[in-house]
Amino acid sequence: ARLASMTTNLGIAPRREELERLGFNVLEESGDRLLAVRNKWHLDLFVTNVTVVVQVRRVVHLTQAQIQQDYKDLKLEIGSLDPSWIPVGFQHGRCLITTYLCDTAEEGARKQAVAAAGADLGTFYFPAVIEADGRQTYKTGSAYWGAIYYPLLRYFARRTIDPAAAPEKE
């Protein structure tokens, strides 16, 4: 776990602004949830068309069950969010990122965030957590399956964890 570089702001608005700056289309925003999507060709990923769906959730206490349920829900929702006509797994990938802005997180939720993210053919799930005390938890290494996607997953997770401190370059 890392500590945030500034006073922890758990608001949705700074994340929306950052995602819009990065070319995301905000599809939904409420007091406790933001959903945004971006579709782009990535030359650095072997000329792959990648749809990135970012969900930012504000929760009081994060549990491992919440992370698992969000993964299931996003997997069901991704078909209607993905604008690409290219079949997934054939020069097209999907990255599902959920950043949790929470007061506290149970240890099981933290372990889930650093474990190998969910993966199906061409689809990767990456949970990231920031707590009110500034503690940041997400996978810092790369899993063997889909290793080329992990720098992109981490980049967008860091941009939504702490928009002011994350690196400028993708």
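This briefing describes the fold, the strand pairing, helix α4, the aromatic contacts and the nonpolar cores of one protein. The model is predicted, and its secondary structure comes to four helices and eight strands, which follow one another along the sequence in the pattern β-α-β-β-β-α-β-α-β-β-β-α. Of the 170 residues in the protein, 51% are buried.

**Overall surface and contacts**

- The protein exposes about 7,900 Å², and carbon and sulfur atoms supply 55% of that area.
- Among the contacts with a sequence separation of 6 or more, 67% are made by residues that stand 24 or more positions apart.

**Strands β4 and β5**

- Strand β4, which spans residues 48–62, is mostly covered, with twelve of its 15 residues buried.
- Strand β5, which spans residues 92–105, pairs with β4 in the parallel sense over 13 bridges, and within this pairing the bridge partner of Thr 51 is Arg 94 in β5.
- Gly 93 also has its place in strand β5, where this glycine is buried with a relative accessible area of 0%.
- Leaving aside residues up to four places away in sequence, Gly 93 touches Thr 48, Asn 49, Val 50 and Thr 51, together with Gly 122 and Tyr 149.
- The C-alpha atoms of Gly 93 and Leu 121 are 8.3 Å apart in space, while the two residues are 28 residues apart in sequence.

**Helix α4**

- Helix α4 is formed by residues 150–161, and its twelve residues reach 16 Å from the first C-alpha to the last, close to the 16 Å expected at 1.5 Å a residue.
- This helix is mostly covered, since ten of its twelve residues are buried, and the buried residues include the two arginines Arg 154 and Arg 159 as well as Leu 152, Leu 153 and Ile 161.

**Aromatic pairs**

- The structure holds five aromatic pairs, one of which joins Phe 24 and Phe 156 in an edge-to-face arrangement, with 5.1 Å from centre to centre and 85° between the planes.
- Phe 24 lies in the loop between α1 (13–21) and β2 (25–29), whereas Phe 156 belongs to helix α4, so the pair ties together parts that are 132 residues apart in sequence.
- Both phenylalanines of this pair, Phe 24 and Phe 156, are buried.
- The ring centres of Tyr 155 and Phe 156 are 5.2 Å apart and their planes stand at 70°, so this pair is likewise edge-to-face, and Tyr 155 is buried, as is Phe 156.
- Phe 24, Tyr 155 and Phe 156 accordingly appear as one aromatic cluster.

**Nonpolar cores**

- The largest nonpolar core has 27 residues, of which Phe 24, Val 52, Ile 97, Leu 153 and Phe 156 touch the most other members.
- Two or more residues of this core come from each of β3 (33–42), β4, β5, β7 (123–131) and α4, and the largest share, seven residues, is supplied by α4.
- Not counting residues up to four places away in sequence, Ile 97 touches Val 52, Val 53, Val 54 and Gln 55, and its contacts also take in Phe 126, Leu 153, Phe 156 and Ala 157.
- A second core, separate from the largest one, has 18 residues, among them Leu 35, Val 53, Ile 67 and Ala 109.

Notes:
Residues are numbered from 1 along each chain as its sequence is written. This is a predicted model: local features need pLDDT of at least 70, side-chain atom pairs count only at pLDDT 80 or more; totals for chains, interfaces and linings use all residues. Side-chain values use heavy atoms; hydrogens and water are left out. Buried means under 20% relative accessible area, exposed over 50%, partly exposed in between (1.4 Å probe, protein chains only). Two strands pair if DSSP finds at least two bridges between them. The expected span of a helix is 1.5 Å times one less than its number of residues. Rings of Phe, Tyr and Trp (its six-membered ring) pair if their centres lie within 6.5 Å; planes under 30 degrees apart count as stacked, over 60 as edge-to-face and the rest as tilted. Contact means heavy atoms within 4.5 Å. A nonpolar core is a set of buried Ala, Val, Leu, Ile, Met, Phe, Trp, Tyr and Cys residues joined through side-chain atoms within 4.5 Å. Accessible areas come from the Shrake-Rupley method with a 1.4 Å probe; for residues, only the protein chains shown count as cover.
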